[in-house]
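Subject: Structure handover

Hello,

Here is the structure for your files. Please look it over first; my notes on it follow below.

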Amino acid sequence: MSDSDRFPVLSPAGRALLQRLREHPHAPRYTAECGHRLTAESLRRVRAFEAELRTTSPGWARGGYPDWLPGFVDLCLTEVPFYRRYGDAPARFEDLPAFDRADLSREPWAFVPDSQPLDGLIVNSTSGTTGHPLTILSHPVVGGCYTPLIKAALEAAGVTLTSGAGDVACVLVGWQQQAYTYPSVTPQQAEAGHLKLNLHPGDWRDPDDRARFLDDLNPEIYTGDPLAFAELMRLGLKARPKALVSTAMTLLPGLRRQLEAHFGCPVVDLYSMNESGPLAFRCGEADAFTLLHHRVYIEILDPDGAPCPPGVRGEVTLTGGFNPFLPLLRYRTNDFAALEWRGPRPVLAGLEGRPPVTFRARDGRRINNLDVTGALKPLALPQYQLHQSADGALRLRVRGRNTSPEALWAALLDLFGPDQALTVEAVDSFDGSGGKVIQYTSDIV
């Protein structure tokens with residue numbers, strides 16, 4: 001695939017910026033080529049979404065539904081093969097069945113509406129916190145619409161993005177032994193730069209190049225998870241971003257305060273997932289997440305699938321979304337929160353998201369939980385949990401028996417070292433684990 005395929009509307013200024021990012025003397029060893037793939041028509045749809053987002057408040061009246069919900073339900077039951085199995089629409093929305101990640105994992109193609117053209121189809125793979133491997137069918141417009149949603153969250157925190165041609169708008173940082181890394185541009189911001197980088201020293205010719213490169217880029221914002229941001233603080237950067245946007249893992253208040261003090265900017269905690277895109281955010285000392293997306297309806301369900309009253313914790317369940325290949329109709333996320341009303345709008349209180357975990361090898365090395373995911377990714381694991389006890393021993397619990405214990409041992413010992421104490425246990429389910437199935441836990445502080 002050429003640059004003209006990855007960047008269909010690339011201008012001379014955008015091409016020059018890409019060349020600079022690729023050939024920079026302090027750039028990392030990039031491991032991938034990736035672009036936005038937004039055509040002029042796709043870009044028009046992204047801008048239309050942003051205009052709608054700015055004029056439509058997210059949320060719905062207490063005890064009511066969004067205006068768009070009945071038409072969306074009709075589309076799902078008529079055109080989407082998976083939902084068509086439900087039969088006729090029930091009298092009450094709450095009587096529709098809910099589904100979960102396991103359903104989506106088994107047959108992602110069954111969620112594509114019959115009338116959806118396959119032009120521009122993108123296939124993304126993810127493991128996720130709950131351990132169900134997942135293939136997401138998507139479209140370039142979906143990725144493009146992340147930017148307006150993130151901008152809306154930033155503006156609520158008092159930050160306005162102004163980067164344009166020749167600037168770097170955003171750097172997505174990770175901290176893993178292996179990761180896909182690449183430079184790109186953002187056509188919604190006059191082709192300002194967007195990079196995905198790995199801060200692990202192994203991806204760089206010289207570990208000091210990390211700070212040299214990032215200071216020269218001087219991005220408006222950084223996005224990433226708490227583990228990557230902790231590493232970012234250790235680099236001694238001179239340049240300061242306008243904001244940090246934390247995603248993918250739980251951001252603890254103590255680290256948020258430390259990041260804000262170190263970088264002198266707000267830290268936005270974004271609740272987002274591959275299945276739905278950005279859903280809600282919080283910043284500062286807020287104790288709840290404010291909804292972002294005006295085309296998502298959120299319910300809180302108890303273990304039996306019944307709606308919880310306002311203020312009662314249960315499973316976050318989604319209807320709606322902006323992915324034309326994945327309309328969600330009562331999708332149980334395996335995240336837990338309470339829906340409360342603060343004035344006229346609902347918020348998510350007590351959200352239990354994805355906690356960051358660092359494991360320790362026998363030789364003292366820190367190992368990111370994402371590296372564990374990478375080590376286990378080739379194996380056919382429907383669901384698993386890994387726990388490290390205070391003495392350093394690992395316990396891997398695996399649901400399903402389609403992977404040999406020997407393969408599991410080999411994958412983890414290759415990562416942690418041959419002397420690592422490890423127990424592998426097959427389980428029929430993780431029921432009774434007390435709510436959310438947390439994939440990674442550790443007793444080591």
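To begin with one residue: lysine 151 has 14% relative accessibility and therefore counts as buried, where buried means under 20% relative accessible area, exposed over 50%, and partly exposed in between (1.4 Å probe, protein chains only). This is a predicted model, in which local features need pLDDT of at least 70 and side-chain atom pairs count only at pLDDT 80 or more, while totals for chains, interfaces and linings use all residues. Residues are numbered from 1 along each chain as its sequence is written, and side-chain values use heavy atoms, with hydrogens and water left out.

Salt bridges

Side chains of opposite charge can pair when their charged atoms come close. The rule applied here asks for a side-chain nitrogen of Lys or Arg within 4 Å of a carboxyl oxygen of Asp or Glu; by that rule there are 29 salt bridges.

Lysine 151 takes part in one of them, with glutamate 50, and the closest N and O atoms are 3.1 Å apart. Glutamate 50 is in helix H3 (residues 40-55) and lysine 151 in helix H7 (residues 140-156), so the pair links distant parts of the chain, 101 residues apart. Helices here are DSSP runs (H or I, at least four residues), as are strands (E, at least two), and both are numbered from the N terminus. Glutamate 50 also counts as buried, because its relative accessibility is 14%.

Near the start of the numbering, aspartate 3 has two partners to report. Its side chain meets that of arginine 6 in a salt bridge of 3.6 Å, N to O. These two residues lie in helix H1 (residues 3-6), three residues apart, which is about one turn of the helix. Both are buried, aspartate 3 at 17% relative accessibility.

Aspartate 3 also forms a salt bridge with arginine 22, at 2.9 Å, N to O. Arginine 22 belongs to helix H2 (residues 12-23) and aspartate 3 to helix H1, so this pair ties together parts that are 19 residues apart in sequence. Arginine 22 counts as partly exposed because its relative accessibility is 28%. A network of salt bridges links Asp3, Arg6, Arg22 and Glu33.

A four-stranded sheet

Strands of a sheet pair through backbone hydrogen bonds, either parallel or antiparallel. One open sheet has four strands in the order E20-E19-E18-E21, with mixed pairing; two strands pair if DSSP finds at least two bridges between them. Its edge strands, each pairing on one side only, are E20 (422-427) and E21 (440-442). From one strand to the next the twist averages 15°.

Strand E18 (residues 383-388) runs parallel to E21, and three bridges join them. Glutamine 388 has serine 442 in E21 as its bridge partner.

Helix H12 (residues 405-416) lies across E18, E19 (394-399) and E20, at about 145° to E20. Axes are lines fitted to C-alpha atoms, for helices over the stretch in contact (heavy atoms within 4.5 Å), and angles run from 0 to 180 degrees between N-to-C directions.

Cysteines

How many disulfides does a search of the whole structure find? The count is zero, a disulfide being a pair of cysteine sulfur atoms within 2.5 Å. For cysteine 145, the closest cysteine sulfur is that of cysteine 170, 16 Å away and therefore too far for a bond. Cysteine 145 is buried, at 2% relative accessibility. The sulfur of cysteine 265 is 12 Å from its closest counterpart, in cysteine 283, which is also too far for a bond. Cysteine 265 counts as buried at 6% relative accessibility.

Regards
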